[in-house]
Amino acid sequence: MTTNFFFNNFNSSQEQLLLENLVIESIKIYGHDVYYIPLTRTSYDDIYGEDDQAAYNSAHFMEMYIKSIDGFSGDGEFMSRFGIEIRNQVVFSMAQRIFSQEVGTFTDQVRPNEGDLIYFPLNDRCFEIKFVNKYEMFYQLGALQTWEVTCELFEYSNETFNTGIPEIDIIQSKFSMNALDFSIKDEVDDYLVTEDSEYIILEGKAVDDLIPADDSDEIQQESDNIVLFSSEDPFSEGNI
Amino acid sequence: MFGQTFYHSLIRKYVALVGTLFNDIYIERTDSTNTVTKFIKVPITYAPKDKMFARVIQDSGLDRETAVMPLPMISFEIGQMAYDGSRKLNTVTRTVVEDPTTPDKRKYQYNPVPYNIEFKVYVYANHSEDASKIVEQILPYFTPDWTTTVQLVPEVEMIMDIPVILDSINYSDNYDEAYTKRRAIIWSLDLTLKGYLYGPVKSSAIIKFANTNFYIPKRIGDYDLQEEVLTVISGKNVNSTTDFITIKNQPFVNGDYLVYANADGNSQITGLTSGSKYYVVQANSTGIKLSTERYGGTVDITYASSNTTSTLRRNSASNTAVAERVTVQPGLTSNNKPTVFGNNQLFVTATANASIENGVVSYVTIDEDGYGYIDNPTVTFSASPSGNTATATANVSEYRVVKLNITSGGSGYTSAPTVTISAPDGVTVPFSQIEEDDNYGYVISIYNWEELNGE
């Protein structure tokens, strides 16, 4: 037994194309322009399955529809052991054809990948794709027209941003704890080091000044007054 | 309730101490050619913070671009505190230091109470490798403790070695949850800090003199005098001419405290009173004399011919433990600080006799060398009836007069003059007359409590 041939509407490519056009047009009408920022893997670790050298080297302008019409979902903003955490989630929907045209053409991606970012200009934030749903609209007229991506506010971990979009690349300059950004190089672009192979970091460029939640300086100052630094304890850093 | 407000910021110092163990950690990220591409400072934060201030400071414009502070990062928090009885110190022992602002006073503080303070340290990373790089830089230093020398209470220069012990390590990675759940890689380090909590720093004046009552045996080194009861037969043992009581192998020494008693039905030795207390004086191996005062003059025994039997009883209780009072000598300095006089010997004034030849004092003889001399005493002669008065000086050694030097023999003496040697320096002063600022401070004599109280 098979389905009735006269009522089978799932093989009509013209109708499928029409529906896809309508979806794209709807997103263009009701959606928002965002930047899609693919993650570039440069040093993938097969054992741990991660890449601590990951970089974001390009940004692709395209439209997406925001499904979270009532605002962000997720856990929101709360106090944790690691300071203020902002766990805002947002769900975007994008047309598959537009994604292929605007992103896949340049990155050889056939779909949005988990780990890629979406910069949402209206909110001036980057959201990391946590999950991609291929089956948002389940085979309407026999085809899939959209990618639905569930995103969460980006969790920066000293990745490199080189997209060329200042609003996006500012994340690195604001939050990077890479001391080499403030280190001195020689004429052949090698870092100058001390006799102890320590990098020479520009004075007044302490990375801890960048992060308001970092208590390194305050703890150091407090402990300098109590930790004994003398012949009895030559290895501490106190100034007693 | 306890009457003094104080705060040494000790718990805050312990927080800073734990924080400083982890506050300067960097990790390197390298590319496929092993070239260092990033040298990342790992920020550290003390986790418990005021929520309102935290949000205002960490997300001041409500526009922060990142969900958390840049990872990896370390946070730590204080936990449970528990009294550690195994490190308890003597409660009444004090630490005393000079008070630089008021030299006449000393600051002191009683021993602290030991507390074990638990801390939890969290290493939070986005990459397993980052977390491993941090943890591997920490763990080798804990064996399982890391000890730091810390100045806890600067006021009393209290410096202690504070061990921080690594109790356990836990790894948490919720990689196996739904995709919409974030992955958090967290190493948790449980630490125990072996700390102390100190009480208030107090101030007190310097002790310049001491008034101490204590018990010492009358015989130094003999703490277990046995009770002795000796029988004395007056006509046989007692010499009424010399007042000497002959006792073969007698056990007494000068200063012993005896009770005389005549046997029932017998008459007592004339000069002694039955039931009275007498002190032994001029004791030697063959016998003793008795005195009504310690080191005083001998009792005059006037009749001892009849063979009546009496006893001399040395009471062990009264002889082995006697309350003594310590007095101090004013005006002494550390240069002439004497040792404690031995055998409870009191100050004794030296005496001497002079001889003359042709009206001139030719020599003097020390009859009694005395005791308690610190400085050389003065020697005076009675005035010559028709000439110059003789003069002499005295030398002292070991608190006794050892030598008299005639500096002038005088003239016109018709009989030997009287020689007077000044009293020892060690004149006791009632404590009520000693002022706090006087330069006192040395024990120079021990007086018998019984004598002081007329017993």
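Q: Accessible areas here are worked out by the Shrake-Rupley method with a 1.4 Å probe. On that footing, what share of the accessible surface of chain B belongs to carbon and sulfur atoms?
A: Bear in mind that we're looking at a predicted model. The accessible surface of chain B adds up to about 23000 Å². The part of that surface belonging to carbon and sulfur atoms is 49%.

Q: How much of chain B is buried?
A: For a residue to be called buried, its relative accessible area has to be under 20%. Chain B has 455 residues to sort this way. The buried ones make up 43%.

Q: How many strands does chain B have?
A: Chain B has six helices on the helical side of the tally. Take its contacts with a separation of 6 or more, and 71% of them come from residues 24 or more positions apart. As for strands, chain B has 27.

Q: Which residue in the turn between S8(B) and S9(B) has a positive phi?
A: Strand S8 (residues 145–153) and strand S9 (residues 158–173) of chain B run antiparallel, joined by eight bridges. Together they make a hairpin with four residues between them. In that turn, the residue with a positive phi, of about 50°, is Glu157(B).

Q: Which residue in S10(B) stands opposite Val164(B)?
A: S9(B) also pairs with strand S10 (residues 185–197) of chain B, in the antiparallel sense and over nine bridges. On the S8 side, Thr148(B) stands opposite Ile162(B) of S9(B). Facing Val164(B) from S10(B) is Leu193(B).

Q: Which residue of chain B meets Glu85(A) in a salt bridge, and why does the pair join two chains?
A: The side chains come to 3.5 Å, N to O, which meets the cut-off because a salt bridge needs that distance to be within 4 Å. Glu85(A) sits in strand S5 (residues 83–95) of chain A and its partner in the loop between S9 and S10 of chain B, so the contact joins two chains. Glu85(A) is buried at 2% relative accessibility, while the partner is partly exposed at 21%. That partner is Arg182(B).

Q: Is Asp215(A), which meets Lys49(B) in a salt bridge, buried or exposed?
A: The two side chains meet at 2.7 Å, N to O. Asp215(A) lies in the loop between helix H3 (166–175) and helix H4 (216–224) of chain A, and Lys49(B) in the loop between strand S3 (44–46) and helix H2 (51–58) of chain B, so this pair joins two chains as well. Lys49(B) is partly exposed at 30% relative accessibility. With a relative accessible area of 11%, Asp215(A) is buried.

Q: How far apart in sequence are the parts that Lys194(B) and Asp84(B) tie together?
A: Their closest N and O atoms are 3.4 Å apart, in a salt bridge. Lys194(B) lies in strand S10 and Asp84(B) in the loop between strand S4 (73–83) and strand S5 (94–98) of chain B, so the tie spans parts of the chain 110 residues apart. Asp84(B) counts as buried because its relative accessibility is 7%. The separation in sequence, again, is 110 residues.

Q: What accessible area do the residues of the nonpolar surface patch in chain A have together?
A: The patch is formed by Ile29(A), Tyr30(A), Tyr65(A) and Ile69(A). Ile29(A) belongs to helix H1 (residues 13–30) of chain A, and at 55% relative accessibility it counts as exposed. Together the four give about 480 Å².

Terms used. Residues numbered from 1 in each chain as written. Chains lettered and ligands numbered in written order. Predicted model: local features only at pLDDT ≥ 70, side-chain atom pairs only at ≥ 80, totals over all residues. Heavy atoms only, no water. Patch = residues over 30% accessible without salt bridge, like charges linked within 9 Å, V, L, I, M, F, W, Y side chains within 5 Å. Buried < 20%, exposed > 50% of the residue type's maximum accessible area, 1.4 Å probe, protein only. Pairing = 2+ DSSP bridges. Contact = heavy atoms within 4.5 Å.
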